[in-house]
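Visitor: Please pick one buried spot in this model and give me a close look at it. I would like to know what surrounds it and how it fits into the rest of the chain.

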Amino acid sequence: MEQADRTDVRGLARAFGGAIVFAFPLLMTMEMWSLGFYLDRLRLALFLIVNFPVLIGLSYYSGIKDTFDWRDDVVDALTAYMVGFVSSAVMLVLMGIIMPDQHWQEILGKISLQAVPASIGAILARQQLGGDERYGDETEHRKEDASYRGELFLMMAGALFMTFNVAPTEEMVLIAYKMTEWHALALALTSILLLHVFVYTVGFGGQERREGAFLDVFVRFTITGYAIALLVSFYVLWTFGRTDAVGIFETAKMMVVIGFPGALGAALARLIL
């Protein structure tokens, strides 16, 4: 019993560490502070809701602790959110981003927005920071035996993790503005090429085994993975209000720009998740 308690406490402490490590680039990003202030509250609430089933899925494949049914995964996801909110609030207070004279809605918005990447960091802490504890456990077997839908989920989660780290910055909009249509096409083709190479060729940890004909694998995983990365990019851009009053071609170019890290995240999902 005492051993189990110590394991739970160590897992929770590691989750706080993961939340801070994964979220600190965004905690120190000025655009995130501004978005927390003026971001549409319905979109922010929807983003928090959408992130919850993602956390449940990540718990199944890489949770704070071993889980045995969906109820354990829900508890794991709630724990990750709690860790994300608390760690974000503490760090924002320590950095002077949250002050007593600010309106409570502004404070809640800043904390809530930062809690999304922090909660993902919390639930991935054992995978990334767990040392020997991550090897040979049930979650590793689940990832190895993931179905096609499971593989696509991991790609989506990897794309979300990577796009969220760059989407809030103004540079993404500036890059899309400076690019021509030919630049966008070349970047899209490069994203697809790298996604395929990273998944099946260069031998990164957790690399997928290629089973089946090249064309079948290319369509089912590479093209589908890139389409998922683009959809995730659009959703993140919409959440941050980047698509408001913007033409379809400019939106498409922003999707391609954000889709580049999204494709890398999808490709490296087994490694980073």
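Guide: A helix here is a DSSP run of H or I covering at least four residues, and helices are numbered from the N terminus. The model is a predicted one. The part to look at is Lys110, which sits in helix 5, residues 104–123.

Begin with how much of Lys110 is open to the outside. Its relative accessibility is 8%, and a residue is called buried when that value is under 20%. Lys110 therefore counts as buried. The side chain of Lys110 also has a polar partner: it makes a polar contact with the side chain of Glu106, at 2.9 Å.

Next come the neighbours. Leaving out residues up to four places away in sequence, Lys110 touches Trp33, Gly36, Leu92, Ile97 and Gln102. Two of these names lead to other helices.

Take Gly36 first. Gly36 is one of the buried residues of helix 2, which spans residues 30–38; the others are Glu31, Met32 and Leu35. Viewed down the axis of helix 2, these buried residues fall within an arc of 140°, so they line one face of the helix. The general background is that an α-helix has 3.6 residues a turn, so residues three or four places apart point the same way. The face of helix 2 turned away from the buried side carries Met30 and Phe37, which are exposed.

Now take Leu92, a residue that Lys110 touches. Its number falls within helix 4, residues 70–94. Helix 4 also has a part at the surface. A nonpolar patch there is formed by Leu12, Met82, Val86, Val90 and Leu94, with about 420 Å² of accessible area together. Helix 4 gives the most to this patch, with 4 residues. Leu94 belongs to helix 4, and at 66% relative accessibility Leu94 counts as exposed. Lys110, at 8%, counts as buried.

Last, the setting. The protein chain has 13 helices and 0 strands. Buried residues such as Lys110 make up 49% of the chain's 273 residues. Of the contacts between residues at least 6 apart in sequence, 80% join residues at least 24 apart; the contact of Lys110 with Trp33 is one between residues far enough apart to fit that description. On the outside, the chain exposes about 13400 Å², and carbon and sulfur atoms supply 69% of that area.

Key. Residues numbered from 1 in each chain as written. Predicted model: local features only at pLDDT ≥ 70, side-chain atom pairs only at ≥ 80, totals over all residues. Heavy atoms only, no water. Buried < 20%, exposed > 50% of the residue type's maximum accessible area, 1.4 Å probe, protein only. Helix = DSSP H or I, 4+ residues; strand = E, 2+ residues; numbered from the N terminus. Arc of directions from axis to C-beta. Patch = residues over 30% accessible without salt bridge, like charges linked within 9 Å, V, L, I, M, F, W, Y side chains within 5 Å. Areas by Shrake-Rupley, 256 points an atom, 1.4 Å probe, with all protein chains shown as cover. Salt bridge = Lys/Arg side-chain N within 4 Å of Asp/Glu carboxyl O. Polar contact = N/O pair within 3.5 Å; in protein donor to acceptor, adjacent residues only side chain to side chain. Contact = heavy atoms within 4.5 Å.
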